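Please open the model in your viewer and keep the sequence panel beside it. The tour below goes from one selection to the next and says what is to be found at each stop.

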Amino acid sequence: MEKRKKERNTTDHLRGVIRGVSFQSDCTVALITKLNHEKPNVSVWTSLRIEAAAQTPPDGIYRLEVHGRMFNVRRVGGQWATIQL
């Protein structure tokens, strides 16, 4: 019998679009999935993080579109917040 890994992390890179008031830019988004087999049930954590954008917008609230889904994202202090799914 094959022994399973206790934890498995994967990162997939997706294309997205950031939209705001009179602003739109293509971006690269990291979809991070963490699996933990330690508990009786498998635990799953998923998050999205904007890694790069064609244009850098000012701080504020924006809409992120990834694979037809929309998410509210916030840029504070020049950094994008991570979205927990």
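Begin by selecting Ser43, which has its place in strand β3 (residues 43-53); strands here are DSSP runs of E with at least two residues, helices are runs of H or I with at least four, and both are numbered from the N terminus. Ser43 counts as buried because its relative accessibility is 16%, where buried means under 20% relative accessible area, exposed means over 50% and partly exposed lies in between, with a 1.4 Å probe and protein chains only. If you leave aside the neighbours within four places in sequence, Ser43 is in contact with Lys34, Leu35 and Asn36, contact meaning heavy atoms within 4.5 Å.

Before going on, please note that this is a predicted model, in which local features need pLDDT of at least 70 and side-chain atom pairs count only at pLDDT 80 or more, while totals for chains, interfaces and linings use all residues. Residues are numbered from 1 along each chain as its sequence is written, and side-chain values use heavy atoms, with hydrogens and water left out.

**The other end of β3**

Next select Ala53, which also lies in strand β3. Ala53 is partly exposed, because its relative accessible area is 29%. Not counting residues up to four places away in sequence, Ala53 touches Ile18, Ser25, Asp26 and Cys27. If you add Gly16 to the selection, you can check that the C-alpha atoms of Ala53 and Gly16 are separated by 9.1 Å, although the two residues are 37 residues apart along the chain.

**The aromatic rings**

How many aromatic pairs does the structure hold? The structure holds 2 aromatic pairs, and rings of Phe, Tyr and Trp (its six-membered ring) pair if their centres lie within 6.5 Å, with planes under 30 degrees apart counted as stacked, over 60 as edge-to-face and the rest as tilted. Show the side chains of Phe23 and Tyr62, which form an edge-to-face pair at 5.8 Å centre to centre with 65 degrees between the planes. This pair links distant parts of the chain, with Phe23 in strand β2 (residues 23-36) and Tyr62 in strand β4 (residues 60-66), 39 residues apart. Both Phe23 and Tyr62 are buried.

Keep Tyr62 selected and add Trp80, since Tyr62 and Trp80 form an aromatic pair that is likewise edge-to-face, here at 5.7 Å centre to centre and 70 degrees between the planes. Tyr62 lies in strand β4 and Trp80 in strand β6 (residues 79-80), so the pair ties together parts that are 18 residues apart in sequence. Tyr62 is buried, with a relative accessible area of 8%, and Trp80 counts as buried at 15% relative accessibility. With all three side chains on display, you see Phe23, Tyr62 and Trp80 linked by ring pairs into a cluster.

**The hairpins**

Now switch to the backbone and colour β4 and strand β5 (residues 69-76), which pair in the antiparallel sense over 7 bridges; two strands pair if DSSP finds at least two bridges between them. Within this pairing, Ile61 stands opposite Arg74 in β5. The hairpin of β4 and β5 has 2 residues between the strands, and there His67 takes a positive phi near 50 degrees. His67 is exposed, with a relative accessible area of 66%.

Follow β5 onwards to β6, with which β5 pairs in the antiparallel sense over 2 bridges. Val76 stands opposite Gln79 in β6, and in this hairpin, which has 2 residues between the strands, Gly77 takes a positive phi near 60 degrees.

For another loop, select Ser22, which lies between β1 (7-20) and β2. Phi of Ser22 is near 50 degrees, a positive value in a residue other than glycine, and Ser22 is exposed, with a relative accessible area of 80%.

**The whole chain**

Finally, zoom out until the protein chain fills the window: there are 0 helices and 7 strands in the protein chain. The radius of gyration of the protein chain is 16 Å, well over the 12 Å that the globule rule gives for 85 residues, so the chain is more spread out than a compact globule; this radius is taken over C-alpha atoms, and the rule is 2.2 Å times the number of residues to the power 0.38. Taken along the principal axes, the C-alpha atoms fill a box of roughly 55 × 20 × 20 Å. Of the 85 residues of the protein chain, 29% count as buried.
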